[in-house]
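Reader: Hi, can we go through this structure together? I'd like short answers.

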Amino acid sequence: MSQQPYLLEVNHVKKYFPIKTGLFNRVVGQVKAVDDVSFGIRAGETFGLVGESGCGKSTLARVLLKLKSATGGEIKFGGQDIARVGTGELRRLRQEMQIIFQDPYGSLNPRFLVKDIIGEPLRVHRRMSAKEVEDRVVELMELVGLDITRRNRYPHEFSGGQRQRIGIARAIALNPKFIVADEAVSALDVSVQSQVLNLMMKLQKDLGLTYLFIAHGLNVVRHISDRIGVMYLGKMVEVARTDDLFASPMHPYTKVLLSAIPQASPNRTKERIILQGDVPSPANPPSGCRFHTRCPFAQERCRVEEPKLETLGPDRQVACHFPL
Amino acid sequence: MAEKILEIRNLTTGFLTDNGLVKATDRVTLNLEKGQTLCVVGESGSGKSVTALSVMRLIDYAGGIIEDGQVLFNGQDLVTKRQNEMLKIRGNRITMIFQDPMSALNPVFTVGEQIAETLRTHKKLPEKEAWRQSVDMLRKVGIPSPEIRAKQYPFEMSGGMCQRVVIAMALACNPELLIADEPTTALDVTVQAQILELLSQLKTEFRMSMLLITHDMGVAAEVADRIAVMYAGAVVEEGTVSEIFNRPRHPYTIGLLRSIPGLEGERGGELYTIKGSIPPLSKVPSGCRFHPRCPYAMDVCRTNEPPLRESVSGHKAACWLDDTGEDDPRPGKPNRVETKVTIGSRPEVTHS
């Protein structure tokens, strides 16, 4: 796996949102939603991205797809810097990267028939006759396990899990290389969630997909990911292979995050670290290491000097002055 | 047998629709002993929230109708009470916290004022004393500088802080029973850990009993004494935490536990799935309501509804395949199913 080239390379990417106020929309500050993040995703792997709400993981995903443009930094998709490509070229690139959203209700147009939702990318990007589109839609519906006789129905006639399958069918319609799954299974019930996860793993194997899998459910991320990146307040604090990360987290935040998950096995006693306070505002992040205000191991140096993401072992980067 | 603070007996609650009454809970029977925590777990549409709202009699306002059954709170039936009698119980002796703390608070009053209101209404405290106690409550739920925070509005606080305020409000009158409906679902994991810790600490301090509703088996494993599993409006299994996790007896519980990806052990393989999806409440299947999704369904399951049968230890399950070890002749008694579970791994089911 480690020999695989990077499909997506992210170097020092930043995304700042201006805070505007008053009559003239004066810019009084910036929310640093993503601040100097670097990592890479290899072809064929699943890269999990975890972190709490407001840590910038969804913003990062949208920046990677150029749904939002980056404030700074470089994003290379298949060797091409997506910040520099023109409109026509971007249109071609977009076919290779797709996204599956969290909310299976809000992400499907309620006035479109299911076949039109799944067929829309084909009509936009491919010169296909109506018949060809219909055939491809049927093929896609079979691939994701939807009943093809229901293609002339509206999204509201489907359950949450089935709607998510519709979203997946739409995402793979153009044979993309790269799919961002932004909390794609988070809104689903457990019994349905496992069905959708199995489908995503099967499609990855059959179609050779690369996933960026964003979720806050750490057990789900662990199951599906080859490597995991942990974000805190706009920063990537640790990147590691899944097994390494769970066996021995090196950043204190990762350790805290892992210890906080309630486990469905009551007989195990485990160490639990309970953090004080809330996540600080990204408009006014703490000085030095952003985690120092809540870190159980913080020292003087953490308050003043910001740690860099450094390589500490094979496939492992940690941004901490005193890694565990 | 310890004293029961809450006994729900055959509670059937429904909603009137164009197609007649749709039952959201169907003969739900649950018991909660004093000082204990009962977790009701289930997926969406299982009727767990409706059960909670029925206990509070808030279901009347949500358009629901309690068709049948009793809700005995310290031996008194709440179902037959008038709403003005419920006003004295609700918010005072039984209180409730909800999933979304932001919408549970009034945005135009300060949080201190909202807690004080509860104390003035139920304890008839004078203004100043109510304010003093509400600041005190904020301190108890771990809000730093409570004197300043009490004068703030909900929008000035984070989600975790707001949930603490809601808990402070719920506990202000020292209730006997706290009903928590998905109290940590909207919160991040690190904040969830804080709130769960706080709830269990306060439960001891205030000597309350707790009915906790959650979809998260992990949360249930951490806080519950007993767990009731609901599916499509009915309780299908009930037992102690260890019984539910280590010796689950209902195929739905077994399937649910197996579907959850673990935090250790093997990963990346195909996950266990329960085929199909949860039926809408207007189309609850005949016989056993789980039979269309059950891998062990037999003829009897399609026609006859299995009763919730109790083992000697008090572990209850509603399944025709289930063998409690007791001598009870059932129609077409099937092969016995043994459930074998090793701790930390997923349960396995084998036919013998």
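Author: Sure. This is a predicted model: local features need pLDDT of at least 70, side-chain atom pairs count only at pLDDT 80 or more, and totals for chains, interfaces and linings use all residues. Residues are numbered from 1 along each chain as its sequence is written, and chains are lettered from A and ligands numbered from 1 in the order in which they are written.

Reader: Where is A:Ile19 found?
Author: In strand S1 of chain A, residues 6-21. Strands are DSSP runs (E, at least two residues), and helices are runs of H or I, at least four; both are numbered from the N terminus.

Reader: Is A:Ile19 buried or exposed?
Author: Exposed, because 12 other C-beta atoms lie within 10 Å. The cut-offs: exposed is 12 or fewer, buried is 20 or more, partly exposed is in between, with C-beta atoms placed from the backbone.

Reader: What is A:Ile19 in contact with?
Author: Leaving aside neighbours within four places in sequence, A:Val27, A:Val28, A:Gly29, A:Gln30, A:Val31 and A:Ala283. Contact means C-beta atoms, placed from the backbone, within 7 Å.

Reader: And how far is A:Gly29, C-alpha to C-alpha?
Author: 5.1 Å from A:Ile19, though the two are ten residues apart along the chain.

Reader: New topic. How many residues of chain B are in contact with chain A?
Author: 42, and they meet 33 residues of chain A.

Reader: Which element gives the most to that side of chain B?
Author: H8(B), with seven residues.

Reader: What does B:Ala168 touch?
Author: B:Ile115, B:Met137, B:Leu138, B:Lys140 and B:Val141, not counting residues up to four places away in sequence.

Terms used:
Two residues are in contact if their C-beta atoms, placed from the backbone, lie within 7 Å.
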